[in-house]
Amino acid sequence: MRDKLNQPLTVEGKSSNKKKSTRGKSFGYQVLGFGAGGSVSPYTIKFLVLAGGGGGGQGVGSNLLASGGGGAGGYRNSYASETSGAGSSTESAVEVDPGDITITVGAGGAIGFKGEDSSIGATVVSVKGGNGGYGNDRNGGSGGGGASIGSGQQTGGSGTANQGTDGGDSPGPTNRTGAGGGGAGGAGSNSPAGSNGGSGLSSSITGSAVTRGGGGGGGNNPAGSGGPGGGGNGALEPSNATTGAVNKGAGGGGKQGTGPPGAAQNGAAGGSGIVVIRITDAPAAIAVSPGTNTLNTSGSDHIATFTVDGILTG
């Protein structure tokens with residue numbers, strides 16, 4: 001017997017008071033009340049849900065001497081025995097009722113802003129990646145890297161439990177460096193010793209191994225590298241940071257200035273997320289929309305890949 005799964009609420013950041021609704025579990029499966037219901041049998045899905053990555057830090061007046069890298073979007077995985085965010089265990093597969101399911105693919109964050117959540121319906125939600133310092137709280141699926149702000153040390157943002165890692169810390173104005181953003185698999189590096197973005201995670205849910213969810217590199221000399229999985233590279237003035245990879249939920253890079261304090265140093269935007277759903281013994285009516293999204297087969301499995309918002313029909 002399988003219990004119905006109520007919608008859990010997700011709160012950003014490790015330091016937040018997380019609240020979840022009660023959910024029943026049995027035999028490694030959960031049942032979601034999507035679709036039309038009725039007497040038609042539900043079907044099982046396995047998923048990879050990756051939120052949009054955070055943008056690298058944005059200057060505010062002359063207060064930002066170096067910007068931190070953006071954090072990767074929250075990473076949730078229930079395929080095979082693959083790892084979920086921050087090295088957590090594979091999540092349970094879920095059962096869904098036939099009908100239409102709304103799929104949301106989170107956009108990458110603009111410079112200085114967080115990404116956007118990705119989700120399957122309202123129940124499987126991955127949290128947007130944190131922006132690099134300066135500004136906002138930098139918490140997210142993975143936290144953004146801290147920045148040198150002219151008034152002392154700035155810590156990196158906190159990642160969300162079982163979805164991502166923390167951003168690195170910046171020591172303050174003397175060093176004028178930005179730290180690396182957290183990745184889905186590894187935390188961002190502290191500056192000034194290193195400003196690399198945290199590493200992402202590999203998944204073969206689409207049929208081939210792809211690494212996603214890298215953190216953005218921070219602004220430093222030398223500049224921090226983006227984490228494996230599409231993280232944007234940091235930069236040293238006059239070069240510019242690079243954006244996080246599209247559909248990899250990667251963080252954007254940060255930037256460091258070379259002159260005296262006074263010029264704000266802006267990073268780069270984060271990359272959009274992705275939702276992949278793998279279905280064994282799919283209903284005959286299985287389909288995806290709009291046409292930008294794809295539906296492929298691998299043996300008896302159907303693999304629905306959403307790179308933009310859409311609908312899964314079963």
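This is a short walk through a predicted model of one protein, from its overall make-up to its cores and a few unusual backbone spots.

Okay, let's start with the big picture. The protein has 314 residues, and 54% of them are buried. As for secondary structure, there are zero helices and 16 strands. So what do the contacts in the protein look like along the sequence? If you take contacts between residues at least 6 apart in sequence, 57% of them join residues at least 24 apart. On the outside, the protein exposes about 11600 Å², and carbon and sulfur atoms supply 47% of that area.

Now, the inside. The largest nonpolar core has 20 residues. Which residues have the most contacts inside this core? They are Ile120, Ile277, Phe306 and Leu312. Several strands feed in here: β2 (43–50), β4 (93–96), β5 (100–104), β12 (274–280) and β15 (301–306) each give the core at least two residues. The largest share, four residues, comes from β2.

Stay with Leu312 for a second. Leaving out residues up to four places away in sequence, its contacts include Tyr43, Ile101, Ile103, Ile277, Ile279, Val288 and Phe306. Gly99 and Asp100 are also on its contact list. Apart from this core there's another one, with 10 residues, and among them are Ala184, Ile205, Val276 and Ile303.

Let me zoom in on β15, since we've just met it as a supplier of the largest core. Is β15 mostly buried or exposed? Five of its six residues are buried, so the rest of the structure largely encloses this strand. On pairing, β15 runs antiparallel to β12, with six bridges between them. If you want a spot to look at, find Thr280, which stands opposite Asp301 of β15. β14 (294–298) also pairs with β15, again antiparallel, through five bridges. There, Thr297 has His302 of β15 as its bridge partner. β14 and β15 form a hairpin with two residues between the strands, and Gly299 in that hairpin has a positive phi near 65 degrees.

That brings me to the backbone oddities. As background, most residues other than glycine have a negative phi, and most peptide bonds are trans. So where are the exceptions?

Two residues that aren't glycine go positive in phi. One is Ala86, with phi near 60 degrees. You'll find Ala86 in the loop between β3 (75–77) and β4. Its relative accessibility is 40%, and because that falls between the 20% and 50% cut-offs, Ala86 counts as partly exposed. The other is Asp281, where phi is about 55 degrees. Asp281 sits in the loop between β12 and β13. Is Asp281 buried or exposed? Its relative accessible area is 62%, which is over 50%, so Asp281 is exposed.

Then there are the cis peptide bonds. The bond from Ser191 to Pro192 is cis, with omega near 5 degrees. Pro192 belongs to the loop between β7 (124–126) and β8 (201–203). Ser289 and Pro290 are joined by a cis bond too, with omega about -5 degrees. Pro290 is in the loop between β13 (287–289) and β14.

To recap, we have zero helices and 16 strands, a largest nonpolar core of 20 residues, and β15 paired with β12 and with β14. Thanks, that's my tour.

Notes:
Residues numbered from 1 in each chain as written. Predicted model: local features only at pLDDT ≥ 70, side-chain atom pairs only at ≥ 80, totals over all residues. Heavy atoms only, no water. Core = buried A, V, L, I, M, F, W, Y, C linked by side-chain atoms within 4.5 Å. Buried < 20%, exposed > 50% of the residue type's maximum accessible area, 1.4 Å probe, protein only. Contact = heavy atoms within 4.5 Å. Areas by Shrake-Rupley, 256 points an atom, 1.4 Å probe, with all protein chains shown as cover. Pairing = 2+ DSSP bridges.
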